[in-house]
Amino acid sequence: MTRRGTRADLAQVVAWEQQCFGADAWSQDLVTAAVDANEVLLDEVGFVVVRVVNDVADLDRIAVVPEQRRSGHGQVLLSAGVSAARDRGAERMLLEVAADNVAAIGLYVTAGFAEIHRRRNYYGAGRDAVVMELQLDDSNHPPKTVQ
């Protein structure tokens, strides 16, 4: 079950951020800003950060501790983020993911995201970003869940 992150969760979220992203981890100030803006949802082994501006949601972060990956937590966090975005009036959700992150791309495709663009060398020389989109306002295509 997911819940909103609070200031009481900062140390845990910062620790997960470091554990999951290493040198690319957000600073404590960035994590604090996301928590203060009510953009962080978490469960017992990870978190998701979803920012909504007008009718567009951005999936800024999703992290599951390495030893719990491939256990369904990513899908639970993603579904919670999509629901939160819908609740806040978003009509679509965007994300960027490294083109070589096959596991994450698989999660997003299963949830109904589609590639809409590639950003060459976004993560450094030879590391492209895949930009993906999920339409949230189309009741004919709700997000799929992984069983």
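Let's begin at Asn 121, which sits in the loop that connects strand E6 (114-119) with strand E7. This is a predicted model, and the loop residue is a good place to enter it. The phi of Asn 121 is near 55°, a positive value in a residue that is not glycine. As background, most residues other than glycine have a negative phi. With a relative accessibility of 44%, Asn 121 counts as partly exposed.

A second asparagine invites a look alongside it. Asn 38 lies in the loop between H2 and E2, and although it is not a glycine, Asn 38 has a positive phi of about 60°. Its relative accessible area is 42%, so Asn 38 is partly exposed. Asn 38 follows H2, which leads us to that helix.

Helix H2 spans residues 28-36, and its buried residues are Val 31, Thr 32, Ala 34 and Val 35. Looking down the axis of H2, you will find these buried residues within an arc of 160°, so they line one face of the helix. The cover over the buried residues of H2 includes H1, strand E2 (40-42) and E3.

Helix H4 (residues 102-110) can be read in a similar way. Here Ala 104, Ile 105, Leu 107 and Tyr 108 are buried. Viewed down the axis of H4, the buried residues fall within an arc of 160°, so they too line one face of their helix. What they pack against is E4, H3, strand E5 (92-98) and strand E7 (129-135). Just after H4 comes Gly 112, with a positive phi of about 105°.

Tyr 108 takes us from H4 into the interior. The largest nonpolar core has 44 residues, and Tyr 108 is among those with the most contacts inside it, together with Leu 78, Met 93 and Phe 113. Helix H3 (residues 73-87) supplies the largest share of this core, 6 residues. Beyond its neighbours within four places in sequence, Tyr 108 is in contact with Leu 59, Ile 62, Leu 78, Leu 95, Val 97, Phe 113 and Met 132.

From Tyr 108 we can step across to Leu 59, a residue of strand E4. At 7% relative accessibility, Leu 59 counts as buried because the cut-off for that label is under 20%. Apart from residues up to four places away in sequence, Leu 59 touches Val 48, Val 49, Val 50, Leu 78, Met 93, Leu 94, Leu 95 and Tyr 108. Leu 59 and Gly 81 are also worth locating: they are 22 residues apart in sequence, with their C-alpha atoms 7.6 Å apart in space.

Further along strand E4 (residues 56-64) is Arg 61. Is this arginine, at 13% relative accessibility, buried or exposed? Arg 61 counts as buried, because 13% is under the 20% cut-off. Its side chain is joined to that of Glu 17 by a polar contact of 2.4 Å. Arg 61 also lies over the face of Phe 21, at 3.8 Å from the ring centre. Setting aside neighbours within four places in sequence, the residues in contact with Arg 61 are Glu 17, Phe 21, Asp 24, Ala 25, Trp 26, Phe 47, Val 48 and Val 49.

Phe 47, one of those contacts of Arg 61, brings us to the aromatic rings. The count of aromatic pairs comes to 3. One of them is formed by Trp 16 and Phe 47, which are stacked at 6.5 Å centre to centre with 10° between the planes. Trp 16 belongs to helix H1 (residues 10-21) and Phe 47 to strand E3 (residues 46-53), so the pair ties together parts that are 31 residues apart in sequence. Trp 16 is buried, with a relative accessible area of 7%, and Phe 47 is buried as well, at 1%.

Our last stop is Asp 9, in the loop between strand E1 (3-4) and H1. Asp 9 is buried, with a relative accessible area of 10%. Which side chain joins that of Asp 9 through a polar contact of 2.7 Å? The partner is Arg 3. Leaving out neighbours within four places in sequence, Asp 9 is in contact with Arg 3, Arg 4 and Leu 42.

Definitions and conventions:
Residues numbered from 1 in each chain as written. Predicted model: local features only at pLDDT ≥ 70, side-chain atom pairs only at ≥ 80, totals over all residues. Heavy atoms only, no water. Helix = DSSP H or I, 4+ residues; strand = E, 2+ residues; numbered from the N terminus. Buried < 20%, exposed > 50% of the residue type's maximum accessible area, 1.4 Å probe, protein only. Polar contact = N/O pair within 3.5 Å; in protein donor to acceptor, adjacent residues only side chain to side chain. Contact = heavy atoms within 4.5 Å. Phe/Tyr/Trp six-rings, centres within 6.5 Å; stacked < 30°, edge-to-face > 60°. Lys NZ or Arg CZ within 6 Å of the ring centre and 35° of its normal. Core = buried A, V, L, I, M, F, W, Y, C linked by side-chain atoms within 4.5 Å. Arc of directions from axis to C-beta.
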